[in-house]
Amino acid sequence: MELPVSFLDNPSESVSLRIDKQIGEGKFTVFRVYCASRKANYALKIFPTHREGTSFFRREQRFCRFSHPNIIQRFPISCQNSEFHAHLTEFAKFGDFFDVVNDKLIKNNEALIRTYFHQLISGLEYLHSHGVAHIDLKLANLMVGLNFELKIIDFDQAQLTSDNH
């Protein structure tokens, strides 16, 4: 299946994202997609346009501006579809941290455990310095990216520390 979108860094260029595989299903479905014109895989998170989906989409949209090696990188897109809103992010090739821990891939490797801990703290310090509380931090919301870097994902529950919630 192909999905036409425009990257907001070049809105006049319309591209197709080929939906390859469902890679996540929680509150919202996530797909691995491929953009042939950019020769890259991405993750596409789908938010249905019903009231709750739109609310979570808008909440997560507030946090698209962040740029940090341990925060998943977002690529703003325009997607003309009346059934859903979508967020496009970098594709974390090595999956979520739950699988890393569950499969015991870092068992007894203190240096690697310490490295991932420092990456997590670095990402959280960055968020907190920008007035953001993630709220839903768990192993399934930590991904392992291309260079085995830890990436914090899923900001649909995040709050600005100035929010009255």
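Me: What makes the space of about 180 Å³ count as a pocket rather than a cavity?
Reply: In this predicted model, about 180 Å³ of space lies in the second largest pocket. The term pocket applies to an open set of points, whereas in a cavity a 1.4 Å probe fits but cannot get out. The second largest pocket is therefore an open space by definition.

Me: Which residues make up the lining of the second largest pocket, and which lie nearest its centre?
Reply: Its lining consists of 15 residues, and those nearest the centre are F57, Q61, I77, A86 and H87. A lining residue has an atom within 4 Å of a point of the pocket, so each of the 15 meets that cut-off. At least two lining residues come from each of α1 (51–61), β5 (77–78) and β6. The largest share, five residues, belongs to β6.

Me: How do the residues of the lining of the second largest pocket divide by class?
Reply: Ten are nonpolar, four are polar and one is charged. Among the residues nearest the centre, F57, I77 and A86 are nonpolar because Phe, Ile and Ala belong to that class.

Me: What volume does the largest pocket have, and which residues are closest to its centre?
Reply: The largest pocket holds about 660 Å³ of space. Of the 31 residues in its lining, G24, V30, A140, M143 and I153 are closest to the centre. G24 counts as polar, because Gly is placed in that class. Strands β2 (14–25), β4 (40–48) and β6 (84–90) each contribute at least two residues to this lining. By class, the lining has 13 charged, twelve nonpolar and six polar residues.

Me: How do you know how many disulfides the structure has?
Reply: A search of the whole structure finds zero disulfides. The sulfur of C35 has its nearest cysteine sulfur, that of C79, 13 Å away. A disulfide requires two cysteine sulfur atoms within 2.5 Å, so C35 is in no disulfide. From the side of C79, the nearest cysteine sulfur is that of C35, again 13 Å away, and C79 is in no disulfide.

Me: Why are C35 and C79 classed as they are, buried or exposed?
Reply: C35 has a relative accessible area of 0% and C79 one of 18%. Buried means under 20%, so both residues are buried.

Me: What makes β2 and β3 a pair, and in which sense do they run?
Reply: Seven bridges join β2 to β3 (residues 29–35), and the two strands run antiparallel. Pairing needs at least two bridges, so seven satisfy the criterion. E25 stands opposite T29 in β3. The two strands form a hairpin with three residues between them.

Me: How many bridges join β3 to β4, and what lies between these strands?
Reply: β3 and β4 pair over seven bridges in the antiparallel sense. One bridge places C35 opposite A40 in β4. Four residues lie between the strands of this hairpin, and K39 in the turn has a positive phi of about 50°.

Me: What is the order of the strands in the open sheet, and why are β5 and β6 called edge strands?
Reply: Six strands form the sheet in the order β5-β1-β2-β3-β4-β6, with antiparallel pairing. β5 and β6 each have a single partner strand, so one side of each is left without a neighbour in the sheet. Within the sheet, five bridges join β1 (residues 2–7) to β2 in the antiparallel sense. E2 has R18 in β2 as its bridge partner.

Me: What makes the phi of I135 and that of F148 notable?
Reply: Most residues other than glycine have a negative phi. I135 has a positive phi near 75°, and F148 has a positive phi near 60°. I135 is found in the loop between β7 (132–133) and β8 (142–144), while F148 lies in the loop between β8 and β9 (150–152).

Me: Why do I135 and F148 fall into their accessibility classes?
Reply: I135 has a relative accessible area of 57%, which is over 50%, so I135 is exposed. F148, at 48%, lies between 20% and 50% and therefore counts as partly exposed.

Me: What confidence does the predictor assign to the protein chain?
Reply: The chain averages a pLDDT of 90, and 98% of the residues score at least 70. Confidence is lowest in α1, at a mean of 85, and highest in β9, at 97.

Methods:
Residues are numbered from 1 along each chain as its sequence is written. This is a predicted model: local features need pLDDT of at least 70, side-chain atom pairs count only at pLDDT 80 or more; totals for chains, interfaces and linings use all residues. Side-chain values use heavy atoms; hydrogens and water are left out. On a 1 Å grid over the protein atoms alone, a cavity is a set of points where a 1.4 Å probe fits but cannot get out, and a pocket is an open set with protein on both sides within 12 Å along at least five of seven lines; lining residues have an atom within 4 Å of a point. Grid points are joined across faces, edges and corners, and a volume is the space filled by probe spheres set on the points. Buried means under 20% relative accessible area, exposed over 50%, partly exposed in between (1.4 Å probe, protein chains only). pLDDT is the predictor's confidence in each residue, from 0 to 100.
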